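I opened this entry to look up a sheet and one helix that packs on it. My notes follow the display.

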Amino acid sequence: MKLGCEAVLFDMDGVLTDSTVAAERAWTQWADEYGVDPARVMDGLHGRRAADTVRMHVAAELWDSALQRINAIELADSDGTSAIPGAVELVESLGSGWALVTSAPASLLEARLAAVGIPLPAVVINGDSVEAGKPSPEGYLTAASKLGVPISRCVVFEDSGNGVAAGIAAAPAGVVGVGVGALETPASVVVPDLRSVRWVGDGVVISGALRVPVS
């Protein structure tokens with residue numbers, strides 16, 4: 001199938017980079033240090049800004065220090081990141097026609113992309129760039145605006161429930177879920193990884209999808 005578009009908007013973790021194990025290890029350490037049940041922290045963690053997660057689990061007077069701590073733990077473990085299969089090849093084929101929309105702070109996203117050999121695009125919207133994090137569509141709408149492309153002419157790639165919800169709310173040309181876990185989201189198209197996606201100049205062609213819209 002083909003999704004016509006002029007630009008592609010990617011989440012990072014779980015879409016371009018595989019940092020799930022490192023992230024969960026970092027948040028488990030953080031939870032232990034702050035006396036929080038790690039299982040509670042993991043619930044809905046993916047696709048959410050660290051600041052929003054921190055505020056759910058510690059007292060207000062600890063927000064700043066607790067956020068600095070999780071950022072430091074994750075940054076120290078960024079070498080444990082690998083590329084999602086097909087990610088490097090897909091972004092290379094897109095040239096300047098893509099943007100990154102991630103909940104990660106600037107230092108962490110730069111470290112994780114560098115670890116897998118993906119260059120920073122011209123447009124990067126991170127967790128500190130928006131008033132409201134995912135599932136708000138603000139990040140995707142901002143990225144499209146900065147690219148100078150109508151959101152209706154963009155395709156969003158996401159993996160988490162929070163991220164897919166943000167993509168759908170932005171109303172792009174399509175939202176593609178990446179990975180088996182995305183089958184649990186409302187993404188109408190789900191691919192196992194980015195080897196299933198090819199840029200053809202006026203859109204993305206998808207093959208080997210795990211789920212496609214019912215005609």
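I traced the sheet first, in what is a predicted model. I found 6 strands in an open sheet, ordered β6-β5-β2-β7-β8-β9, with parallel pairing. Which strands stand at the edges? I noted β6 and β9 (189-191) there; each has a single partner strand, so one side of each lacks a neighbour in the sheet. I looked up the twist as well: neighbouring strands are turned by 25 degrees against each other on average, direction ignored.

Next I took one strand pair. β2 and β7 pair in the parallel sense over 4 bridges. I checked Phe-10 and found its bridge partner in β7 to be Phe-157.

Then I turned to α7. I see this helix packing on the sheet, where α7 touches β2, β5, β6 and β7. The direction of α7 makes about 165 degrees with that of β6.

Which residues of α7 (residues 138-147) are buried? I listed Gly-139, Tyr-140, Ala-143 and Ala-144. Seen down the axis of α7, these buried residues fall within an arc of 130 degrees, so they line one face of the helix. The spacing fits a general rule: an α-helix has 3.6 residues a turn, so residues three or four places apart point the same way.

What covers that buried set? I noted β2 (7-10), β5 (98-101), β6 (123-125), β7 (154-158) and also α8 (161-170) among the covering elements. On the face of α7 turned away from the buried side, I found the exposed residues Ser-145 and Lys-146.

Last, I looked just past the helix. Gly-148 follows α7, and its phi is positive, near 75 degrees.

Key: Residues numbered from 1 in each chain as written. Predicted model: local features only at pLDDT ≥ 70, side-chain atom pairs only at ≥ 80, totals over all residues. Heavy atoms only, no water. Buried < 20%, exposed > 50% of the residue type's maximum accessible area, 1.4 Å probe, protein only. Helix = DSSP H or I, 4+ residues; strand = E, 2+ residues; numbered from the N terminus. Arc of directions from axis to C-beta. Contact = heavy atoms within 4.5 Å. Pairing = 2+ DSSP bridges. Axes fitted to C-alpha atoms, helices over the stretch in contact; angles between N-to-C directions.
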